[in-house]
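Good morning, everyone, and thank you for making the time. I would like to walk you through one structure today, beginning with its ligand and ending with the protein as a whole.

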Amino acid sequence: MKESTYVMLKPDGVRKKIFEQVVARFEKAELKVSNIKIMHLFPEIVKEHYIHLIDKPFYPILEEYLLSGPVIAMIVEGDDAIKRVRDLIGATNSKDALPGTIRGDYGDKTNCTYNVIHGSDSAESAANEIARFYPELMDMSKDSDGTQKKLFLKPGCIKHNN
Ligand code: DAT
Ligand code: MG
């Protein structure tokens, strides 16, 4: 099934200049990369994005890391894109990620937090994360009774480079 997923090169990934290699890996796997943008995150959006981890002892370090420099966001599309992107990214802890995966090749083997890249973990997360990081792509129009429509992407808003 054709899916869209949210991918974000984290600040260490940007510093390591692996953006082109990452895009090349997705494209080689016949995934389409679109809507690339560079952003500097702010604490509220990091808290929202990692709400499932907010009570963990490492959360303050995780937030500081995500705020330590710009990130590069992208939407990746293709058959079974959510799982296939996660497989290309590799395990959360870079020291457990297999060679040939993005984290296995570029992540910090001595620090689990510094794992260079994010990919949505489910269809629900992908929809929420695309809406969170691409509010400009969301159709926010309301039904005639004034209720908010379910969020969906504006037609034609995905801009492919390839
Ligand atoms: P993933 O990024 O593989 O989806 P996650 O959502 O469980 O993993 O965690 C989000 C990020 O938080 C992860 O990319 C790195 C950091 N993290 C997770 N578990 C950690 C831990 N035990 N110690 C330090 N950082 C951790
Ligand atoms: Mg996750």
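**The ligand and its surroundings**

Let me start with the pocket: ligand 1 sits in the largest pocket, and please keep in mind throughout that what we are looking at is a predicted model.

Which residues surround ligand 1? Going along the sequence, they are K10, Y50, H52, L53, F58, L62, R86, T92, R103, C112, T113 and N115. If we sort this shell by the character of its residues, we find 5 that are nonpolar, 4 that are polar and 3 that are charged.

Several of these residues place polar side-chain atoms beside oxygen atoms of the ligand, and I will take them one at a time. In K10, a polar side-chain atom lies 3.0 Å from an oxygen atom of ligand 1, while for H52 the distance between an N or O atom of the side chain and an oxygen atom of the ligand is 3.1 Å. N115 also takes part, with a polar side-chain atom 2.7 Å from an oxygen atom of ligand 1. As for how much of the ligand is covered, ligand 1 taken alone exposes 520 Å², and the protein buries 77% of that area.

Now let me step back to the protein itself. How many helices and strands does the protein have? Its secondary structure comes to 7 helices and 4 strands, and, when we read along the sequence, these follow the pattern β-α-α-β-α-α-β-α-α-β-α. Finally, the protein has 162 residues, of which 45% count as buried.

How values were computed:
Residues numbered from 1 in each chain as written. Chains lettered and ligands numbered in written order. Predicted model: local features only at pLDDT ≥ 70, side-chain atom pairs only at ≥ 80, totals over all residues. Heavy atoms only, no water. Near = heavy atom within 4 Å. Polar contact = N/O pair within 3.5 Å; in protein donor to acceptor, adjacent residues only side chain to side chain. Areas by Shrake-Rupley, 256 points an atom, 1.4 Å probe, with all protein chains shown as cover. 1 Å grid on protein atoms, 1.4 Å probe; cavity = no way out; pocket = protein on both sides within 12 Å on 5 of 7 lines; lining within 4 Å. Sits in = over half its atoms within 2 Å of the grid points. Nonpolar A, V, L, I, M, F, W, Y, C, P; charged D, E, K, R; others polar. Helix = DSSP H or I, 4+ residues; strand = E, 2+ residues; numbered from the N terminus. Buried < 20%, exposed > 50% of the residue type's maximum accessible area, 1.4 Å probe, protein only.
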